[in-house]
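This report is intended to be read alongside the sequence and the structure. Please keep both in view while following the text.

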Amino acid sequence: MLNRPPPGPDPGLFLPGIEIGLKTCRTALNPSRIPGVDYCLNPYTGCTHGCLYCYAAGMKSQAGEGRRWGTFVEVKTNFVPCLLRELRRTRRGSVMLASVTDAYQPAEQKFGLTRECLELLRESELEVGILTKSDLVVRDLDLISCLPRVSVGFSLTAADDALARLLEPGAPPTSCRLRALQALARRGVCTWIFVAPVIPGLTDTPENLSRLIRAAYAAGAQSVSYDPLNPYPSAVTNLERLLGRHFPRRLEAFRAALRDPGAYRRRLRRLWNQICPS
C-alpha cells in the first residue's frame, strides 16, 4: 500500500458550490503535445482554482455537460493503479504534472493522488516536471527532493494578491506561491516561474512584470518565462466582464490587443526583453 499524504487541516478548502465527483480512467500516462514533454499526468478532471482565463474551460473533454469550469473536480479513483501498470513498460522520457488540471488543487489535500504518483515516479527513470498554482506542493518536499531529475514551476499572473484573487479566485495568493518556491529552492530543487497568461491592459504593465520577475529571482527561481493570453472565447468573455466591472478604463487596451494580436505580441516581447534581458 502506498503512503497516503500526511494528515493536515480538514480541507474545507473548497469554495461554496464546488461539486466533487468520482470517476475511473483508462490511462494515466498520456502522450503530451507540449514541446519538450513526452507524457502528462492529470489525476483529476476539472479544477477548482476557477481561473478566468483557463483554456481548459473551452475543451469539451474537460468542461463537462452543463457545468461551469471552476465549479467541479472529478477524482480518478483508479489513477494510481493505471500509472503503476504503465510505468512497467515506460522507461525513458519526461512527464509533467499536470496539463489540464492542477495536481495540487484543494482536492489533492484530501485524496492524495499526486503524492502517490510521486511515490511511483521516484522508482522510475522519468524526468519529472511539476507546474502548479498551489503552495500545497511543499507538503511533498520529502518526495520531490528525492527525485533524481525534477523541476517545479509556479504560474503567476499578478504581483498584487488582490488582483490575483480576482483572476484566480480559488488559487492560493501569489505571495504564498513565492514562499513555496523559496522553500523548494532552499532544498536544492530546480524551480522556475511562468508568468502566464499576460493579460493585455491588466497585467502587462512594466510595474507588474518587474515586480514578478524580481520576486521570482529573489525567491530562488532559476528561470522566468512568460506567455501571452490565448484569447479563447470563454476567457475573453470572463476577462471583459472583469475589466468592465473593476477596471473599465483598461477595457479598450484589452480589446485593441485582441484586434491585432501579432502587433501586441511583438510589443510585449520588446517590453519583456527590456525588463528581463536574457
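The crossing of helices α8 and α11 is right-handed. In this predicted model, helix α8 comprises residues 206-219 and helix α11 comprises residues 261-275; their axes come within 10 Å and cross at roughly 45 degrees. Because angles under 35 degrees count as roughly parallel and those from 65 to 115 as roughly perpendicular, α8 is described as oblique to α11. On the side of α8, the contact is made by Pro206, Leu209, Ser210 and Ile213, and on the side of α11 by Leu268, Leu271, Trp272 and Ile275. Sorted by class, the residues of this contact are seven nonpolar and one polar, with no charged residues.

Two of the residues just named also appear around Val198, a residue of strand β9 (residues 190-198). Apart from its neighbours within four places in sequence, Val198 is in contact with Leu209 and Leu268, and also with Thr203, Asp204, Tyr226, Asp227, Pro228, Leu229 and Tyr264. Is Val198 buried or exposed? Val198 has a relative accessible area of 1%, and since buried means under 20%, Val198 is classed as buried. One of its contacts is Asp227; Val198 and Asp227 are 29 residues apart in sequence, while their C-alpha atoms are 6.2 Å apart in space.

A second buried valine is Val73, with a relative accessibility of 0%. Val73 belongs to strand β5 (residues 72-76). Leaving aside neighbours within four places in sequence, Val73 is in contact with Glu19, Ile20, Gly21, Tyr44, Thr45, Gly46, Thr48, Gln105 and Ala107. Thr101 lies 28 residues from Val73 along the chain, and the C-alpha atoms of Val73 and Thr101 are separated by 9.1 Å.

The accessibility values for individual residues discussed in this report are collected below.

| Residue | Relative accessible area | Class |
|---|---|---|
| Val73 | 0% | buried |
| Val198 | 1% | buried |
| Cys54 | 18% | buried |
| Cys190 | 29% | partly exposed |

The cysteines in the table lead to the subject of disulfides. How many disulfides does a search of the whole structure find? The search finds zero. For Cys54, the nearest cysteine sulfur is that of Cys51, at 6.2 Å. Since a disulfide requires a pair of cysteine sulfur atoms within 2.5 Å, Cys54 is in no disulfide. With 18% relative accessibility, Cys54 is nevertheless buried, whereas Cys190, at 29%, is partly exposed.

The peptide bonds of the backbone also deserve attention. A cis peptide bond joins Leu97 and Ala98, with omega at about 5 degrees. Ala98 is located in the loop between β6 (94-97) and α3 (106-111). The peptide bond from Ala196 to Pro197 is likewise cis, and here omega is near -10 degrees. Pro197 lies in strand β9, the strand that also contains Val198.

Finally, the chain may be considered as a whole. The chain contains 11 helices and 10 strands. Of its 278 residues, 53% count as buried. Among the contacts in the chain with a separation of 6 or more, 77% are accounted for by residues 24 or more positions apart. The pair formed by Val198 and Asp227, with its 29 residues of separation, illustrates how positions far along the sequence can be in contact.

Technical notes: Residues numbered from 1 in each chain as written. Predicted model: local features only at pLDDT ≥ 70, side-chain atom pairs only at ≥ 80, totals over all residues. Heavy atoms only, no water. Axes fitted to C-alpha atoms, helices over the stretch in contact; angles between N-to-C directions. Helix = DSSP H or I, 4+ residues; strand = E, 2+ residues; numbered from the N terminus. Parallel < 35°, antiparallel > 145°, perpendicular 65-115°, else oblique. Left-handed = near helix turned anticlockwise from the far one by under 90°. Contact = heavy atoms within 4.5 Å. Nonpolar A, V, L, I, M, F, W, Y, C, P; charged D, E, K, R; others polar. Buried < 20%, exposed > 50% of the residue type's maximum accessible area, 1.4 Å probe, protein only.
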